Amino acid sequence: MRTSQPRTIYLSEYRPPAFLVDHVDLRFELFEEGSRVHSTLTMRRNPESTDSQAALELDGDRLTFLERVDLDGRQLTGSEFEDQGDRLVIADVPEQFQLTLVTWLEPQKNTRLEGLYKSSGMFCTQCEAEGFRCITYFPDRPDVMARFRTRVEADRAAYPVLLSNGNDVDRGEIEGGRHFVTWEDPFPKPSYLFALVAGDLVEKKDSFTTMSGRDIDLRMYVEPRNSNKCDHAMASLKRAMRWDEEMYGREYDLDIFMIVAVDDFNMGAMENKGLNIFNSSCVLASSDTATDAAFERIESIVAHEYFHNWSGNRVTCRDWFQLSLKEGFTVFRDSQYSADVGSATVKRIEDATLMRTAQFAEDSGPMAHPVRPDSYMEISNFYTLTIYEKGSEVVRMIRTLLGPDLFRKGSDLYFDRHDGQAVTTDDFVRAMEDASGRDLGQFRRWYEQAGTPQLTIRDEYDAGDQVYRLTIRQSVPDTPGQTNKKPQHIPFGVGLLGSDGRSIPLRLSGDDSNVTERVLELTGESHTFEFQGVTEQPVPSLLRGFSAPVKVDYPWSREQLLFLMNHDPDGFNRWDACQRLAIDVITSLVDAPAETPVDPRLLTAYRILVSDPEQDQALVAKMLHLPSEAYLIELSGEADVQAISRARERVLGELALTLRDDLVACYNRNQQSGPYELTPDAIGNRALCNTALAWLLQANDEEGRLLARKQFAEADNMTEQSGALRALVNSGFEQDREQVLGEFYQQWHEDPQVVEQWFSIQASSPKAGELPKIRSLLEHEAFQWKNPNKVRAVIGAFAGQNLVRFHAEDGSGYRFLAEQICRLDDSNPQIAARLVSPLTRWRKFAPAYRGSMKAALETIRDKKDLSRDVHEVVHKSLAG
Ligand SMILES: [Zn+2]
């Protein structure tokens, strides 16, 4: 029933909706064999519409059967409407009317997990971006905002809990052992924020008193087996609610806020008004089953979805080209929150790593698009790192340029001015301009131009005049459909260090202040900054705190990087200097003869890190992470994955051997006693122990093996247990590997979230994750094709993290991925399209890889009835 040829949708085609919906009255009859949806829409023509005679057109998708259409209480005959499957057209409607539709759905058969579906015996929904049209015909676009009233009916014994958005206003019994609950949401919202849940769930209750003194009922709904895994999410929710009041002046609005955990879910979580639905892996945690990283991820996702209540729900997007309006801003808000509740430097390192490794790759690949795209075929493909992470960096830069006070004034103005509206990224920027008086005209190019700006930086020191000159040139590379780009407005954080490690005052001409850190504003293609009164050749600390999402080219010497590692007052740049040094050393070994030694200065620098307990251990733990293979590939020209990986392993092996005794000492020193704590220090200690183990086992060290076995057996938390497991799995101790994998599964086979980790540790390991093993994991009793988490844990981890095996020179890894994508395309095209990503940048790789990657893409392209989702990614990758 869907139109077969995928069509491109353009921002320039945007027109206001022809009709508005003031009220939606929904009634869901949920049965085992299917569900009936009664929908009554109170509608009127939109006075803003450019076409006052337009026919009424509603969106639909895979609705099993349209049972009935009534207009103002009169049933329409078949000739009075046109049911086109993906559209319902009624040519003749009055200015105002009530339209009632009755549709029949089969949620049990819905494997795409869009619209209404069943997961582990419960009904749930996912409507963003275009899932509501899978429930009933509707003007399914975010600029149509309506008040919803929803009555849910189901069997009382099987589905005691019936939820939807808003406040619970009525409930009662129905004949035949059934019951109903009616929910009313007083706030107008787009259909993508609609949600419904019905199931046999336990309720965990808490409460929160808002800044104006209102008591909010907080509830989590989970399956009974998960009732001990709710505390962390609930505590995170309360912290996030308080933080949003203090930092943004935003108070929660409904009387009740609910979180539901669902096992089968395409995304991480969804911010439906008052009823957030979470992927179980992004909300459930206890210290024995979740790692530190999972705890931190859960805290940030709970906060993110909660923050959407204002940045997304109260003020929403006019159209899907504006997706970053809600996502970029909300990711920025959750990253500020995580920085406040944890370590700000560590959070910045994590964000920058994600940007530089994955978003820069997206920005230079065939799917490159601006933060506000101009066109798309399938909007589900645009839930990207560019929209989310780069969008967040863009908001961060606005804050850097305005300063915290004016930024807060701007966000207040934005929320007040647009409350209850569907708006654009331009409206957001205008509010920032109006509140601050600053002109962000050129800054808007960050929303319009795709591609990562490149800064080429050169400097010179004039000892006679005591002047230090920094010349910065910028260029923005061409991307598909965009060439000859204009310079962007870039905030550039900088400091200068003297030979004693002290910061040098940054006096630009005519300025005699003593500031030692500045944010320079780059607007032209080239700038030269002259710093006066500099008495010696300084070492520059550039792009402090990753002040803009750009690439920096500066000819650092290894001596300078070692100096910055030890002296830069900016923690982020200390880490960055360490990364750059390691990258330089590894890269120089890629094509070098086998006997070329690893630079001893790198080994010494790492020895200092491993041995110095006075340093911030959380930062040290991050500094010890060698740059990933993925990042090294990103930095190289035509990437030879096997050669890059060998060079990296070589450095790792050398570090492990040389620092062996220091690693054992570091391990012992960072051992913790007492109860599990989630402070930055404790997290840093555990991370250091796990890194020490991983390195020792990299060198097949016998004492390391014993320490890992002991840690595995005695751990009282998942961070330690899985850290030991991962180290053993990646070691050459084959017998231990098989033994601990077996024991771990035996211990945790009833816990799906832990089993996901078990899958992922194997699939991402070059030692344990050879292709036949990956295939056997797909046959494992715990693997389920219907469950996106399992698919990601095996296929996603293999293609995204196990790069040596995925990029096997015979092309078997690529063929395997193509095969799985074709298999998934029919059942869950959203997930299938996401898995294509590792193949899309085939042009980036050396000739030995390129041909087979392209061939794998062609195999997918030629599949019969390819979904629009996969079609778009594959065709764009092969184009040009
Ligand atoms: Zn979001």
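Two helices count as roughly parallel when the angle between their axes is under 35 degrees. Keep that cut-off in mind as we walk through this structure, which is a predicted model.

Let's put the cut-off to use with helix H9 (residues 558–567) and helix H11 (residues 600–611), whose axes cross at roughly 5 degrees and come within 11 Å. H9 and H11 are therefore roughly parallel to each other. Where they touch, H9 contributes Arg-558, Glu-559, Leu-562 and Met-565, while H11 contributes Arg-601, Ala-605 and Leu-609. Sorted by character, the residues of this contact are four nonpolar and three charged, with no polar ones.

Now turn to the strands. Eight of them make up an open sheet with mixed pairing, and you can trace the order as E6-E5-E9-E3-E2-E12-E15-E14. Strand E6 (74–75) and strand E14 (167–174) are at the edges; each has a single partner strand, so one side of each lacks a neighbour in the sheet. The partner to look at beside E14 is strand E15 (residues 178–189): the two run antiparallel and are joined by seven bridges. Within this pair, you can find Gly-172 opposite Phe-180 of E15.

Finally, what about the cysteines? A disulfide is a covalent bond between the sulfur atoms of two cysteines. This structure has zero disulfides. For Cys-124, the nearest cysteine sulfur belongs to Cys-127 and is 10 Å away. Cys-124 is also buried, at a relative accessible area of 0%. Cys-282 has its closest cysteine sulfur in Cys-124, and the 14 Å between the two sulfurs is too far for a bond. Cys-282 counts as buried too, because its relative accessibility is 7%, under the 20% cut-off.

Terms used: Residues are numbered from 1 along each chain as its sequence is written. This is a predicted model: local features need pLDDT of at least 70, side-chain atom pairs count only at pLDDT 80 or more; totals for chains, interfaces and linings use all residues. Side-chain values use heavy atoms; hydrogens and water are left out. Two strands pair if DSSP finds at least two bridges between them. Helices (H or I, at least four residues) and strands (E, at least two) are DSSP runs, numbered from the N terminus. A disulfide is a pair of cysteine sulfur atoms within 2.5 Å. Buried means under 20% relative accessible area, exposed over 50%, partly exposed in between (1.4 Å probe, protein chains only). Axes are lines fitted to C-alpha atoms, for helices over the stretch in contact, and angles run from 0 to 180 degrees between N-to-C directions. Angles under 35 degrees count as roughly parallel, over 145 as roughly antiparallel, 65 to 115 as roughly perpendicular and the rest as oblique. Contact means heavy atoms within 4.5 Å. Ala, Val, Leu, Ile, Met, Phe, Trp, Tyr, Cys and Pro count as nonpolar, Asp, Glu, Lys and Arg as charged, and the others, Gly among them, as polar.
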